[in-house]
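Trainee: I would like a close look at one part of this model: the surface around the RNA. Please set it in the context of the rest of the chain, and tell me where to be careful.

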Amino acid sequence: MEIAKAYNPKEAEATHYQTWEANGCFAPEINENPLAEKYSIVIPPPNVTGSLHIGHALQHTLMDVLTRRKRMQGFRTLWLPGTDHAGISVQRKVVEQLRRDENKLPQDIGREEFISRAWKWKEEFGSTITEQMRREGASVDWSRERFTMDESLSKAVRFVFVTLYNEGWIYRGKRIVNWCPKDKTVISDLEVKEETRKDGKLVYLRYPVKDSDKQITVATTRPETMLGDTAVAVNADDERYKNLIGKTIFLPLTNREIPIIADEYVDAAFGTGAVKITPAHDPNDYEVGVRHNLEQLVIMNDDATMNANAGTEFEGLDRFKAREKVIEKFAELGLLEKIEDYEISLPICERCKNIIEPLLSEQWFCRMDEMRDLALDLMKTEGAPHFYPNVPNEKVYTNWLENLKDWTISRQLWWGHQIPAWYDADGQTFVARSFEEASEKAGTTELTQDADVLDTWFSSALWAFSTFGWTGEGEEEKRRRGERKSDSQIGNEQLTKDEEQRTKNDLETFLPTDVLVTGRDIIFLWVSRMVMLTEKFTGEKPFADVVVTGTVLGKDGKPMSKSRGNGVDPLEMFDKFGVDATRVYLASIATGADIKWNDSQIETFRNFANKIWNATRFCLLNSDGAKVDLASLKLDENASIADRWIVSRLNKTALQVNKSLDRYFFHEAVRLLYQFFWNDFCDWYIELVKDEITGDSLSLAHSPSSENNDAENINEGQRTKDKGQIQARSRILTILEQALRMLHPFMPYLTEELWQKLPNVSSDLHHEAYRDAKQTIMLADFPLGDTDLIDERAESEMQTVIDLISKVRNIRAEMNIKPSDKPAIHVAANAETQKIFAANEAQILKLARAEKLVLAETLGVPKASAKAVISNAEIAVPLEGLIDFEKEIARLENQVNKLETERQRLNGQLSNANFIERAPPEKVDEIRERVAGIETQTKTLKQNLEALI
RNA sequence: GCCGACUUAGCUCAGUGGUAGAGCAUCCGCUUCACACGCGGGAGGUCAGAAGUUCAAAUCUUCUAGUCGGCACCA
């Protein structure tokens with residue numbers, strides 16, 4: 001078979017994904033077993049405006065690893081893909097497109113046309129990320145792809161909104177909100193970020209008191225808001241101002257008079273002790289205003305320019321221009337006391353980085369108190385969802401819930417789910433799932449729908465169940481919910497009947513999902529809201545577990561960002577190192593840990609991919625007559641140590657890999673597989689059996705046609721040898737094949753490419769749930785590992801052989817013995833250990849590059865020998881004429897010193913009476929044994945040393 | 001201000017009570033018939049610092065320092 005010398009990822013990446021998809025491998029329907037347990041994951045829907053970044057690649061890799069393993073283990077597996085309509089982002093793209101191409105504003109074309117343009121934009125550019133996911137190898141079921149604005153998901157949104165409204169969880173009201181003047185919409189607290197500015201100013205303004213020559217000085221960082229002041233507040237106990245309470249102030253730059261009020265919000269010790277109150281532009285002032293029934297004077301437009309309420313001199317000015325002008329005017333009037341430098345933190349719009357303006361505005365809100373309790377109860381009573389890693393995520397989650405405030409759910413955008421509320425001519429509100437329903441309620445069709453849309457996260461919050469077809473419509477849903485609760489009580493008799501329905505009904509089959517894999521940053525925005533709304537509307541948990549991934553930082557250790565230019569494009573990595581290498585690297589990051597991007601690490605896994613390629617290449621180059629055959633791993637009593645050892649290692653690895661993945665320790669699974677494949681399989685097993693499986697033996701050299709003619713010429717011995725060789729070849733192929741299966745979830749392309757090349761692979765190797773499917777490694781049975789096949793004795797015997805070879809290699813290297821020189825190896829050991837070495841003589845001679853192996857009870861070698869000890873044997877390599885005595889002395893001293901340090905440490909423990917008394921006896925014995933072992937070795941080394949001096 | 005995480009070899013990182021590890025880099029040797037994206041062999045660490053708990057601490061507790069997050073406040 002022709003096989004290239006190095007792995008070329010591009011070839012494998014080009015073909016297999018299409019084949020898997022075409023053969024329906026990603027859909028749960030591929031599973032032929034009606035009783036199969038389900039395993040489901042919904043993807044955190046990426047924004048349609050997005051393109052794949054390294055965080056997606058990380059999360060998708062983990063989800064794919066989980067999904068692929070479970071699928072291989074015969075679960076009815078669904079990983080559901082989809083995208084989020086990303087309200088503000090798409091709106092901004094379309095606004096930009098409109099401006100650039102037609103020099104128009106959204107108002108110019110109207111809402112309807114704007115929305116149709118947005119859909120067009122989505123159709124045209126919205127599939128970038130889903131295309132990129134194909135490249136990643138993500139085994140998602142594209143037939144179930146969802147979009148948050150699909151009709152069925154939109155129905156769900158309306159149903160939920162109406163229900164929550166009717167139950168009093170959603171209300172409309174005037175509140176101070178975070179207003180983004182750039183996007184001209186309200187945004188939630190979670191979308192506001194803080195930015196500290198050192199160049200802030202604190203401006204002290206003097207307000208003249210009416211009927212008095214007194215002035216009150218107030219300090220502010222936003223002087224322009226004084227135009228909207230409707231009071232000055234002081235603390236009632238403040239002696240300085242006590243007698244001014246109830247008096248009136250002439251508010252400069254306006255012709256308004258405002259009261260001086262007392263409120264406990266004011267801290268007499270802070271600043272001047274007097275606070276200007278602007279109820280329409282500050283949340284605290286708003287509260288004060290409500291308490292004192294103050295006028296709420298809005299002085300800004302939605303683009304943060306001043307409006308008519310600010311006075312003719314200021315109307316139309318930008319807020320920052322107005323600020324300067326207010327200061328100027330106060331200075332002119334002699335009312336500017338001073339300006340101090342002041343470090344200030346500004347609220348910034350997370351997306352557009354503009355400064356947020358707190359603004360009084362009428363919005364829709366979602367009350368969170370009861371929903372918070374739903375979520376908190378789940379955590380308290382069931383520990384659900386379970387976070388991985390648990391620390392610190394669970395605590396962060398619950399702390400946040402405990403301090404939750406109401407959620408502003410309306411947005412002043414056109415792209416999104418328009419709020420299903422209608423107003424009649426009198427301003428009465430009718431909340432309904434459709435215009436028809438609203439008209440019916442209102443008794444008129446003269447209705448106007450609320451212009452706002454819902455926060456994108458509102459529809460995302462339903463993602464765990466709306467994606468499975470839940471729309472909330474009709475009584476059916478409720479009935480099903482009721483049925484489902486009782487199903488579990490009825491028991492197993494109903495199973496078969498239910499199974500039929502299960503395959504038809506995604507909601508019942510796949511909810512709750514098994515795990516959510518997502519980033520820390522959206523635990524609040526998304527995870528918590530899914531928990532609340534899924535529980536509220538389906539009575540189910542959205543997911544059992546939450547895996548919280550860390551942040552992949554740039555090479556400079558800072559979060560990746562366009563402005564820093566430290567981003568890493570996953571697609572570039574795919575091109576440079578291959579998809580598989582990138583995936584394993586991402587999976588090798590400790591769960592939840594932040595990591596600095598590091599090219600050398602990913603190269604490690606590129607090299608690993610190549611190693612796997614070449615190991616397979618080796619097996620294939622020596623595969624004549626052999627085949628993948630699980631029976632070849634059933635070893636009899638005559639089996640070699642190497643075979644027993646590798647089978648044991650394989651099964652131990654499989655057990656540990658499964659255990660690691662069960663607790664989402666992807667990095668541990670990667671490490672186990674890397675070590676098994678490279679160290680155990682390549683470095684030792686291949687080398688140990690190389691002679692046995694390479695080279696044409698006599699009969700194999702014959703072409704099949706001549707074989708019959710020459711059959712009688714082949715003697716029995718040769719026949720046995722051939723048979724043994726073919727068995728050995730099958731065995732190594734089978735071990736390899738098992739390893740490829742375990743590697744598949746991490747490295748799907750490489751493993752499929754190689755697996756298909758192995759002799760005798762077929763769908764017979766599939767898990768029994770996929771016997772009829774076309775042969776692919778992705779449906780092969782993922783090894784669980786068998787404790788009965790773990791052979792500790794073989795492992796320790798093999799270790800003895802490895803130790804011996806390593807020591808001789810060490811001597812060779814330290815003594816500068818040429819590769820072509822083949823010394824003898826003398827070993828002194830007990831009879832049992834001698835047997836082990838004797839059984840592996842050929843391998844020892846080959847791997848240590850030695851000429852002969854002399855086994856005895858005691859060493860009888862010339863003085864000019866290099867020596868070493870291992871736990872149960874003494875080794876000597878006679879080096880007549882080659883030995884450098886000084887070097888040998890140094891080498892032995894080095895070994896003695898190492899042992900001595902260790903011995904002293906252990907003796908320290910043993911001489912501690914408390915240790916002997918309180919430590920577990922096994923532990924004490926273990927230490928004693930080790931000291932004894934060290935002493936024997938040291939004694940031998942010292943004798944050798946003395947002999948040299 | 002409150003809460004939390006992190007600090008381990010030159011670099012990037014594993015390691016949750018019992019012999020400090022990996023990859024890369026480095027040093028020495030090797031065209032050994034799968035692989036130089038390789039093979040073999042070395043060197044390199046007071047586990048940030050201090051105190052404590054324990055027979056035993058990188059690991060548990062407290063404090064200190066530095067780094068980074070989250071939340072709150074900000075007249």
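Mentor: What follows starts at the RNA surface, moves into the protein interior, and ends with backbone details and confidence.

This is a predicted model. For the complex, the predictor gives an ipTM of 0.96 and a pTM of 0.91. Chain A has an average pLDDT of 89, and 94% of its residues score at least 70.

Start with the RNA surface. RNA strand B is surrounded by 59 residues. The closest are Ala219, Thr604, Asn810, Arg918 and Lys923. By class, this surface has 22 nonpolar, 17 polar and 20 charged residues. Which helix gives the most to the surface near RNA strand B? Helix α20, residues 599–621, does, with 11 residues.

Now look at the RNA side. Take the atoms of RNA strand B within 4 Å of the protein. Sugar or phosphate accounts for 66% of them, and bases for the rest.

Three side chains show atom-level detail. Thr604 has a polar side-chain atom 2.2 Å from a sugar or linking oxygen of RNA strand B. Thr604 is also listed among the closest residues to the strand. For Asn912, a polar side-chain atom lies 3.0 Å from a sugar or linking oxygen of RNA strand B. Lys690 addresses a base: an N or O atom in its side chain is 3.3 Å from a base nitrogen of RNA strand B.

Next, the interior. In soluble globular proteins, nonpolar side chains tend to be buried together. Here the largest nonpolar core has 198 residues. Phe458, Phe677, Phe681, Phe746 and Ile825 have the most contacts inside this core. Helix α22, residues 666–693, supplies the largest share, 16 residues. A separate core of 35 residues includes Val203, Leu227, Val232 and Ile258.

Phe681 gives a view of the packing. Setting aside neighbours within four places in sequence, Phe681 contacts Ala615, Cys619, Ile646, Phe676, Ile686, Ile732, Ile735 and Leu736.

Leu758 offers a second view. Leu758 sits in the loop between α26 (748–755) and α27 (792–814). Is this loop residue buried or exposed? Leu758 counts as buried because its relative accessibility is 3%, under the 20% cut-off. Beyond four places in sequence, Leu758 touches Thr616, Leu620, Val628, Leu733, Leu736, Glu737 and Leu740. Leu620 lies 138 residues away along the chain, yet the two C-alpha atoms are separated by 7.1 Å. Leu736 appears in the contact lists of both Phe681 and Leu758.

A polar residue can be buried too. His60 belongs to helix α2, residues 54–72. His60 has a relative accessible area of 3%, so it is buried. Its side chain makes a polar contact of 2.7 Å with the side chain of Glu136. Beyond four places in sequence, His60 touches Ile43, Leu52, Trp79, Met133 and Glu136.

Now the backbone. Most residues other than glycine have a negative phi, and most peptide bonds are trans. A few places here depart from that pattern.

Two peptide bonds are cis. One joins Val391 and Pro392, with omega about 0°. Pro392 falls in helix α10, residues 390–402. Another runs from Leu511 to Pro512, with omega near -5°. Pro512 lies in the loop between α16 (506–510) and β22 (513–519).

Two residues other than glycine carry a positive phi. Lys353 has a phi of about 65°. Lys353 is in the loop between β13 (336–349) and β14 (357–366). With 57% relative accessibility, Lys353 counts as exposed. Arg849 has a phi near 50°. Its loop runs between α29 (841–847) and β27 (852–856). Arg849 counts as partly exposed, at 38% relative accessibility.

Finally, the places that need care. Across residues 484–495, pLDDT stays under 50. For that stretch, the model has seven contacts beyond four places in sequence. Over residues 697–712, pLDDT also stays under 50. There the model has 12 such contacts. Where pLDDT is low, the predicted coordinates should not be read in detail.

Note on methods. Residues are numbered from 1 along each chain as its sequence is written. Chains are lettered from A and ligands numbered from 1 in the order in which they are written. This is a predicted model: local features need pLDDT of at least 70, side-chain atom pairs count only at pLDDT 80 or more; totals for chains, interfaces and linings use all residues. Side-chain values use heavy atoms; hydrogens and water are left out. Helices (H or I, at least four residues) and strands (E, at least two) are DSSP runs, numbered from the N terminus. Buried means under 20% relative accessible area, exposed over 50%, partly exposed in between (1.4 Å probe, protein chains only). Contact means heavy atoms within 4.5 Å. A nonpolar core is a set of buried Ala, Val, Leu, Ile, Met, Phe, Trp, Tyr and Cys residues joined through side-chain atoms within 4.5 Å. A polar contact is a pair of N or O atoms within 3.5 Å; within protein, one must be able to donate a hydrogen and the other to accept it, and residues adjacent in sequence count only if both atoms are side-chain atoms. A residue is near a molecule or strand if one of its heavy atoms lies within 4 Å of it. Ala, Val, Leu, Ile, Met, Phe, Trp, Tyr, Cys and Pro count as nonpolar, Asp, Glu, Lys and Arg as charged, and the others, Gly among them, as polar. pLDDT is the predictor's confidence in each residue, from 0 to 100.
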